[in-house]
Amino acid sequence: MTGERPIGEDDLQAFVDGRLSASQRESVRAYLADHPAAATQVEREIEQRDALRARLAFKAQEPIPSRLRVANLLAARRRTPLIRPAAFAAALAWLVIGGGLGAWGGIWWSARAYRQADAMTVADNAIAAHRIYVSERLHPVEVPGDQEAHLVQWLSRRVGKPLTAPNLNAQGYRLIGGRLLPDSGEAAALFMYENAGGSRLTLYARSRENESETSFRFEEQDGVSACSWIDNGLSYVVTAKADRAQLLPIAEAIYKQLEAAGDPAKSRL
Amino acid sequence: MDEIASLLEPLIPGLRRYAWALLRDGEAADDLVQDTLERAISRWNQRRDGDLRAWLFTIQRNLFINSLRQRKVRGTPVGEEVLNDVQSPDMSPEGHAGLRDVLKGLEALPEEQRSILLLVGVEDLSYEQAAQVLGVPLGTVMSRLSRARARLRDFMEHGRGAALRRVK
């Protein structure tokens, strides 16, 4: 390779990406033959690039969902001119490039932000259900807690996912029963608990299409607090007339129990 | 109108793939793609001459970064630590260990490194296009690419930087 410029890191990257001309490629090959460490590095990087492509290929092969068809987007636009101008303005305001947030948190949070609207709906429905049924004296539940097995089986079947009624004895609450509710055209389950003082707490659960996880989301509406999260394809909302410090430990306890129940290997431990 | 559709539609699979790789959530990813397309359509006339693909990826990434920043103005995370022992969702059975790990490795990288690996390595954007999407000079693209690959390699070999929240 006399008379040629030395091989640098950029050449190696372009080699990994297959973006070199035939003669450049030959130069890099010759260089790698003399530099085994670089050769190993390049080999790994090609493998990892290919692995990443292979792992993600399925997404590009999926049929395009109808809501992303350009014709539908154009039609929607004609119906409602200037969709969400505020959102676009906000997006524009943030055009600054940067980022530096931790990757993991970034994935979580961005998914969260995009699902926030939906999550809010579920939480709102759960809070509404809480308000209506918790104050009910005669018929707070459809199936009482002493028929727990039947209740859980029934609600699981209707919601379409295996549910568990967590045991909250340690938190001072006992299951008094549950009921089936409609939520945006789907079935949702409501479990109700009561403590010795007569305070009631509800756990709302409905199925989510995609298996995903989110962190806890807390909100308070007129004295009622709700803590929601998504796990294992289910959206959960714990609601009680309590403050954040009281509700969070309960939500965590529920989360842990459901997590264990969702993983048979773990629950046997 | 038909022109817009015929130009945009072939690019949607790539946008969905990039969005999914960033967000790892099908619905959220398609929300992002939808926002991207709506924005592209609404600004169609302001599109500069040049690369439509790079322009779309630029919009999408900016919207994504915007959503990252919204964490600061939206609700406060609480009790996140209880998720420390969340099982990572298992990949499909056909995804053997190597394939599964590469996504874990990707997750362990900062966004700008993830994006460069995805845009160049998966979406096959040219280095110039990647520079446009990321808003950095070409030289930065190359050095960032090199760093990102080194870090991914390191992760795959040593599991370092494996600070995924999985304290068990």
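Me: What phi does Asn232(A) take in the hairpin of strand 6 of chain A and strand 7 of chain A?

Reply: A positive one, near 50°. That hairpin has two residues between the strands. Keep in mind that this is a predicted model.

Me: How do you know that strand 6 of chain A and strand 7 of chain A pair?

Reply: Pairing takes at least two bridges, and seven bridges join these antiparallel strands. One of the partnerships puts Ser225(A) with Ala240(A) of strand 7.

Me: And what makes strand 4 of chain A a partner of strand 7 of chain A?

Reply: The cut-off is at least two bridges, and here there are seven, in the antiparallel sense, so they count as a pair. Leu201(A) stands opposite Ala240(A) in strand 7 of chain A.

Me: Why is strand 7 of chain A called largely enclosed?

Reply: Because seven of its seven residues, 234–240, are buried. Both faces are covered: Leu234(A), Tyr236(A), Val238(A) and Ala240(A) lie on one side, with Ser235(A), Val237(A) and Thr239(A) on the other. That fits a general pattern: in a regular strand, side chains alternate between the two faces of the sheet.

Me: What makes strand 1 and strand 5 of chain A edge strands?

Reply: The open sheet has seven strands in the order 1-2-3-4-7-6-5, with antiparallel pairing. Strand 1 (143–144) and strand 5 (217–221) each pair on one side only. For strand 5, five bridges lead to strand 6 (residues 224–231), running antiparallel, and Arg217(A) stands opposite Ser228(A) there.

Me: Which strands does helix 7 of chain A touch as it packs on the sheet?

Reply: Helix 7 (residues 148–159) touches strand 1, strand 2, strand 3 and strand 4 of chain A. Its direction makes about 25° with that of strand 2.

Me: Over in chain B, why is Leu134(B) called buried?

Reply: The bar is 20 or more C-beta neighbours within 10 Å. Leu134(B) has 21, so it counts as buried. Its place is in helix 7 (residues 127–134) of chain B. Its C-alpha is 7.0 Å from that of Thr58(B), though the two are 76 residues apart along the chain.

Me: What makes helix 6 of chain B largely enclosed?

Reply: 12 of its 12 residues are buried, so the rest of the structure largely encloses it. Among them are Glu111(B), Arg114(B), Leu118(B) and Val122(B).

Me: How do you know that the span of helix 6 of chain B is close to the expected one?

Reply: Set 15 Å, from first C-alpha to last, against the 16 Å expected for 12 residues at 1.5 Å a residue. Just after this helix, Asp124(B) takes a positive phi of about 60°.

Technical notes
Residues are numbered from 1 along each chain as its sequence is written. Chains are lettered from A and ligands numbered from 1 in the order in which they are written. This is a predicted model: local features need pLDDT of at least 70, side-chain atom pairs count only at pLDDT 80 or more; totals for chains, interfaces and linings use all residues. Helices (H or I, at least four residues) and strands (E, at least two) are DSSP runs, numbered from the N terminus. Two residues are in contact if their C-beta atoms, placed from the backbone, lie within 7 Å. Axes are lines fitted to C-alpha atoms, for helices over the stretch in contact, and angles run from 0 to 180 degrees between N-to-C directions. The expected span of a helix is 1.5 Å times one less than its number of residues.
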